[in-house]
Each structure stands twice: as structure tokens, then as C-alpha cells.
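Hi,

Here is the structure I promised to pass on. Have a look at it first, and my notes follow underneath.

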Amino acid sequence: MPSDFELTPDNIQMMKDVLIQHVPHARALGLTIKDAKRGEAWLTVPYDKRLIGNVETGVIHGGVITAMLDNACGVAVQLALPERVSIATLDLRIDYMKPATPGETLTGHAHCYKVTRNIAFVRGTAYHTDPTDPIATCVGTFMLAANRAIPLEHAAAMELLKNKQEG
Amino acid sequence: MSELKTNAIKNPPPADLNRFLEAMPYAQFLNISIDQKGNEITTVMGFKDTLIGNPVLPALHGGAIGAFMEITAMIQLAFETGITAIPKPIGITIDYLRSGKPVDLYGRAHITKQGRRVATVHAEAWQEDRSRPVAAAHGHFLLKAADEADA
């Protein structure tokens with residue numbers, strides 16, 4: 001894969017298909033990849049009554065934000081790696097700054113800012129429209145080549161991306 | 001453990017923790033239930049396909065595991081403090097120790113420190129073998145009185 005591939009709308013659509021549609025929990029949450037570039041991903045979760053944490057307020061549960069950021073971080077790490085390897089979350093710390101606004105779509109942005117031989121470092125933010133007014137922030141580490149089971153869909157996606165770039 | 005018992009006696013638990021769960025649709029979305037034996041609370045995330053994060057292994061979604069431990073901590077807080085309002089999470093740190101197999105996940109939490117406004121809670125999740133946890137978490141929660149308006 002070239003070191004600085006462009007993610008065209010076509011490629012993003014494909015990533016959405018392979019990195020989200022084949023992940024049952026992501027599909028259940030309504031996760032969508034909105035945008036992506038090398039080492040970075042923007043994911044959204046639409047407001048859904050099934051995801052409410054408190055029926056009195058209608059506020060989405062903090063756990064949904066955890067799941068979205070976890071997934072966003074994973075995608076950002078995949079997009080930062082020069083070759084396909086399996087990854088596993090080592091740890092993830094989430095700080096909740098304010099409740100999500102009922103009815104509004106959640107956006108999660110994650111940036112993998114450093115990759116070493118064994119570990120990828122990533123941080124992220126959850127917000128509605130303004131990234132400088134976060135609902136939550138996170139920081140996490142991922143282990144690279146965590147196991148032998150390379151996600152097949154991811155491998156296929158990266159292969160397609162590579163071919164597109166080269167062709 | 002002795003602290004847990006003392007607290008439970010000092011602050012009688014609400015009659016029905018399930019009402020606490022019912023006020024949290026997301027807990028139902030994750031298929032979470034409570035197994036209460038006296039003053040010991042075990043939460044259960046009953047396996048279903050929509051909890052899968054890696055279909056190849058297959059493994060549970062890390063986010064679902066994190067959310068499950070967060071809810072486990074909240075339920076323990078509700079039980080020990082007797083609060084009826086759902087505690088607000090301030091922050092949670094999750095250590096992923098093993099991949100979660102496509103079976104039920106169990107969780108337990110204990111309150112490390114309970115202050116007037118903030119409680120520190122530790123939670124653990126496991127499957128077949130409790131000595132081989134899938135994940136551990138510690139978090140801070142803001143407690144508020146039942147009659148207190150939403151901040």
C-alpha cells in the first residue's frame with residue numbers, strides 16, 4: 001500500500017461496507033464511517049431510543065460513546081498501518097465531559113498519532129457538530145499482530161485500496 | 001468484601017434493581033440482566049449475535065464489553081448507595097485482557113472509594129473462568145441525590 005493513499009468517496013464507501021457492515025455490533029449501533037484519511041476516522045451514530053441511558057432525560061448512554069470511540073480508534077489504527085495486521089485494544093480511557101443532546105447524531109473522531117513495532121497509540125473525541133465542544137474524549141493503545149486471525153474483510157478492503165491506488 | 005457488606009447494611013438496597021435496568025434501554029439493547037444472591041450482584045450480558053465485534057475470531061465488540069462494565073459499576077453503585085438516580089460517569093479506563101468469546105459475559109464491581117459526590121468503582125468481566133478475566137475497568141461516577149435537578 002502506498003504510504004499516503006487518498007481516500008476517495010468510493011474507498012470510504014468500501015471501508016464502510018467492510019469495516020462496519022461486517023461487524024454485527026457496529027451495525028446494531030447504526031455506526032457509519034463518515035470520513036477517513038490516513039490514521040484518522042470519523043464515525044457517526046444516529047440518535048436511537050434503544051441506546052438511551054436514562055428514560056427520564058432521553059440522553060444516550062455513555063457506553064454507546066465508549067463503543068463508538070473504541071470502534072473509531074480501531075479504524076484509525078487500521079488506517080495508520082502500512083500493512084494489514086490484526087489489532088487488539090489494550091486499553092481505552094474515556095472521559096465524559098457532558099451528556100449528549102437527545103435527538104442529535106453523535107460523531108466520533110479518532111486519530112492514530114503514533115505507531116511503533118508492537119503498539120499503536122490513538123486518541124479520540126466525541127461531539128455533535130463542534131469538535132472543540134466535546135461530549136467525551138478518549139485515549140487508547142492497541143497491540144499490533146495480536147493474533148493470527150486477520151479480519152478477512154479488512155484484508156480484502158486493503159487489497160482493493162492498494163489496487164485502486166496502483167491502477 | 002467486608003466493606004461491601006457494611007455498606008449494604010447501612011444503606012438498605014432498593015427493592016428492585018431491575019427497575020434501575022428498565023430505566024436504561026441501552027442495558028436491554030446489550031441484553032444485560034442482574035443475578036442477585038443476597039448482597040452479591042453479578043451482571044450478565046447474555047450472548048447474542050449483535051454483540052460481535054470481530055466476526056472472524058469471533059469475538060465480542062470491545063465497546064460492548066466496556067459499556068457492560070460501566071453498567072455493572074452503575075448497578076453496584078445503585079445497590080450499595082441506595083441511590084435511585086442513575087449515576088453519571090466521569091471517566092472510565094478499560095483494560096482488555098483477553099478476547100471475549102461468543103458466550104455470556106459476567107461482571108462484578110466493587111466500590112473502591114465512596115465520597116459525597118464521587119465514587120471510584122472497579123469492575124471485572126469474565127466468561128468460563130473467573131480467574132481469567134476478559135477485561136477490567138475502573139471508573140469515577142458522579143452521585144447525585146434523587147431530588148436533585150439535572151445539572
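On disulfides: this is a predicted model, and it holds 0 of them over all chains. Take Cys112(A), which is in no disulfide; its nearest cysteine sulfur belongs to Cys73(A), 8.9 Å away. Cys112(A) is buried, at a relative accessible area of 7%. Cys138(A) is in no disulfide either, and again the nearest cysteine sulfur is that of Cys73(A), here at 3.7 Å. The pair would count as a disulfide only with the sulfurs within 2.5 Å. Cys138(A) is buried too, with 6% relative accessibility.

Now to chain B, and the strands I looked at there. Strand β6(B), residues 105-114, runs antiparallel to β7(B), and 8 bridges join the two. Between β6(B) and β7(B) lie 3 residues, and the two strands form a hairpin. If you want a spot to click on, Ile111(B) stands opposite Val121(B) of β7(B). On to the next pairing: β7(B) is also joined to strand β8(B), residues 135-142, by 8 bridges, again antiparallel. There, Ala119(B) stands opposite Phe141(B) of β8(B).

As for how far to trust chain B, its mean pLDDT is 87, and 85% of its residues score at least 70. Confidence in the chain is highest in strand β7(B), residues 118-126, at a mean of 97, and lowest in helix α1(B), residues 2-10, at 52. Where pLDDT is low, the predicted coordinates shouldn't be read in detail.

Over to you!

Key. Residues are numbered from 1 along each chain as its sequence is written. Chains are lettered from A and ligands numbered from 1 in the order in which they are written. This is a predicted model: local features need pLDDT of at least 70, side-chain atom pairs count only at pLDDT 80 or more; totals for chains, interfaces and linings use all residues. Side-chain values use heavy atoms; hydrogens and water are left out. pLDDT is the predictor's confidence in each residue, from 0 to 100. Helices (H or I, at least four residues) and strands (E, at least two) are DSSP runs, numbered from the N terminus. Two strands pair if DSSP finds at least two bridges between them. Buried means under 20% relative accessible area, exposed over 50%, partly exposed in between (1.4 Å probe, protein chains only).
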